[in-house]
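Here is a short tour of one protein fold, written for someone who would rather be at the bench. Have a look at the chain first, and then we can walk through it together.

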Amino acid sequence: NVLSNRMLTIIREQEGDAYSPYAYNHSTLEFKDFGYLASIAPTSQVSAPKVLELIYTIAKDIVKNGITE
């Protein structure tokens, strides 16, 4: 939810590069410590490299600084 919220704020509201970016996590009970995190940002081919870099930047910030209330 935090990643989705930050993607929406930065990619949509601040940059205007994608209308409905979001992220989701899929964990499995069958395999210990296995799952994936996906981020989706429908955008134009021209904006795709910038949007991808924004997603990386947002994710790195979350890893580096954590999340708070």
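What follows looks at one helix and then at a pocket. Please keep in mind that this is a predicted model.

**Helix 2**

Helix 2 runs over residues 48-65, which makes 18 residues. From its first C-alpha to its last it reaches 26 Å, close to the 26 Å expected at 1.5 Å a residue. Val51, Leu54, Ile55, Ile58 and Ile62 are buried in this helix. These residues cover an arc of only 100° around the axis, so they sit on the same side of helix 2. Their packing partners are helix 1 (2-14) and strand 2 (35-40). Turn to the face pointing away from the buried side, and you will find the exposed residues Pro49, Lys60, Val63 and Lys64. Just after helix 2 comes Gly66, with a positive phi of about 70°.

| Side of helix 2 | Residues |
|---|---|
| Buried | Val51, Leu54, Ile55, Ile58, Ile62 |
| Exposed, turned away from the buried side | Pro49, Lys60, Val63, Lys64 |

**The largest pocket**

How big is the volume of the largest pocket? The volume is about 190 Å³. Helix 2 helps to line the largest pocket, and helix 1, strand 1 (22-27) and helix 2 each supply at least two residues. Among the lining residues are Ala59, Ile62 and Val63, along with Asn1, Leu3, Tyr24, Leu37 and Ile67. By character, the lining divides into nine nonpolar residues, three polar and no charged. Ile62 therefore appears twice in this tour: Ile62 is buried in helix 2, and Ile62 also lines the largest pocket.

Methods: Residues are numbered from 1 along each chain as its sequence is written. This is a predicted model: local features need pLDDT of at least 70, side-chain atom pairs count only at pLDDT 80 or more; totals for chains, interfaces and linings use all residues. Side-chain values use heavy atoms; hydrogens and water are left out. Helices (H or I, at least four residues) and strands (E, at least two) are DSSP runs, numbered from the N terminus. The expected span of a helix is 1.5 Å times one less than its number of residues. Buried means under 20% relative accessible area, exposed over 50%, partly exposed in between (1.4 Å probe, protein chains only). The arc is that of the directions from the helix axis to the C-beta atoms. Contact means heavy atoms within 4.5 Å. On a 1 Å grid over the protein atoms alone, a cavity is a set of points where a 1.4 Å probe fits but cannot get out, and a pocket is an open set with protein on both sides within 12 Å along at least five of seven lines; lining residues have an atom within 4 Å of a point. Grid points are joined across faces, edges and corners, and a volume is the space filled by probe spheres set on the points. Ala, Val, Leu, Ile, Met, Phe, Trp, Tyr, Cys and Pro count as nonpolar, Asp, Glu, Lys and Arg as charged, and the others, Gly among them, as polar.
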